[in-house]
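Biologist: I should like to discuss the charged side chains of this protein. Please show the sequence and the structure before we begin.

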Amino acid sequence: MSRLLRTGLNAGEAAPMAVVGGEGVYFHLSDGRKLIDGSNTGGGLGHRHPAMVEAIRRAADTPVVNEGWTWVGREQAADDLMATAFKGEDDWVGAVRFCISGSEANDMALSLCQALTQRSALATRERAYHGITGLSRAMTVQPQWHGGLAVHAGGSKLPAPMAPVRILPAPDGAIYGAPAGNAPPSEYLADAPRLLSDTAATIIDYTQGGIYYDGAYQDEVARCARQAGSYWIADEVVTGAGRAGRWFAFQGAQSRPDIVTLGKSLGGGAAAVAAVVVSKEIVERLKGSSWQNYGTLRGHPISMAAVSAYLKVVTDDSILEHVQKLEKLFTRRLLEIAQKHPSVQRVAGQGLHWTVELHGPDWRTWHADTTEVPIASRVAERALEAGAVIGTSGEQTSLFLAPPLVISEQEAGLLLDALDHGLDVADAEHG
């Protein structure tokens, strides 16, 4: 019996596959198989990328310097982030604070906004996921990710709420299965000024629940938030650092956030690292104050080396251009797959993050409080037969593809073939 408490992203009680190694875009399993890693948002450069391995090796020879001390590598990582990823954003971007996880970054950003505004209420969009600790948990409104207990005999035991939460309607920019005659954001966000009127912050992400980037939606939310005196936070934990085919998803529209949160790929998959990037306006507001929020291992020398190395690889190897090219391949193939499989209800995505949603129960009713293996998990299990790992985010009818940004066209084709193979299970049940 394992002494490890764990949570799997494929619902049910079966133990997840046992990974013993990896190379490039492949996992190596204990049974000898090699599988394409098709849904790992934390591994932007795949496994054991030479530049990342070398950066970590060098950093292992450095002292342990906590967040309270100045460390030259931390200063360098901040400069590299601003000069590389935020190049061209100099008119508004101010400063960065590093931390350990996307959940922590969102919690830090939200609590800072509460302190600055002296308001408690916060806003997000429907079906959002922003993390599972502190205020980031409060802003996660996907029903199964509440941070408490999903009792397998039925029912959930939830932690107490931490803040009043306002929920905005979400856009639907699906390439397959979108509702006919989508209304403009100004129409379905008509009530946003009232909803945001007493909020400290409005946080928007760009992938969770299969809800992806929409420039017009972003601009309308930003306008309403500013009008209400609510700070706008762009949660780029998944999409930031290249997965959207540009450094940040928010760069596809005119508006710019007050705060950007980063994580996942920021450390190239070689170290756990995240960041809170604030505007010049917020930097000015912080003058004369001390932000009383501290973490011993934030900005650890190994994490900082990973950030600088990752930014250099993305630039030197033209990773953003590669992602843009593969986005066209995924768009074409996923449309073909959706049209072939009657079990597919909706397909949406951007860059190298895509969601395939199946016909089935409404996501609003899914609390993971059962031992029944959902259809999405069964599709993912069958896809293993064809050589690829596909994720579900713990949802009942939703699959997501997020391979390493260095995946080749050939490997991407194999991943999509595995999805095609797996969907036969859903077709048989859909009838």
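Biologist: Which residues are linked in a network of salt bridges?

Modeller: The model is a predicted one. In general, side chains of opposite charge can pair when their charged atoms come close. In this structure, the salt bridges that form a network link R127, D172, R346, E357 and E395.

Biologist: How many salt bridges does the structure hold?

Modeller: A pair is counted when a side-chain nitrogen of Lys or Arg lies within 4 Å of a carboxyl oxygen of Asp or Glu. One such pair is R97 with E67, at 2.8 Å from N to O. For the structure, the total is 28.

Biologist: Are R97 and E67 buried or exposed?

Modeller: R97 belongs to strand 4 (residues 93–99), while E67 sits in the loop between helix 1 (50–59) and helix 2 (72–84). The pair links distant parts of the chain, 30 residues apart. Buried requires under 20% relative accessible area. Both residues are classed as buried.

Biologist: Which helices hold E429 and R378?

Modeller: The side chains of these two residues meet in a salt bridge at 2.6 Å, N to O. The partners are 51 residues apart in sequence, so the salt bridge ties together separate parts: R378 lies in helix 11 (residues 375–385) and E429 in helix 12 (residues 409–430).

Biologist: What is the relative accessibility of R364?

Modeller: R364 forms a salt bridge with D362 at 3.0 Å, N to O. D362 counts as partly exposed because its relative accessibility is 37%. R364 also counts as partly exposed, at 46%.

Definitions and conventions: Residues are numbered from 1 along each chain as its sequence is written. This is a predicted model: local features need pLDDT of at least 70, side-chain atom pairs count only at pLDDT 80 or more; totals for chains, interfaces and linings use all residues. Side-chain values use heavy atoms; hydrogens and water are left out. Helices (H or I, at least four residues) and strands (E, at least two) are DSSP runs, numbered from the N terminus. Buried means under 20% relative accessible area, exposed over 50%, partly exposed in between (1.4 Å probe, protein chains only).
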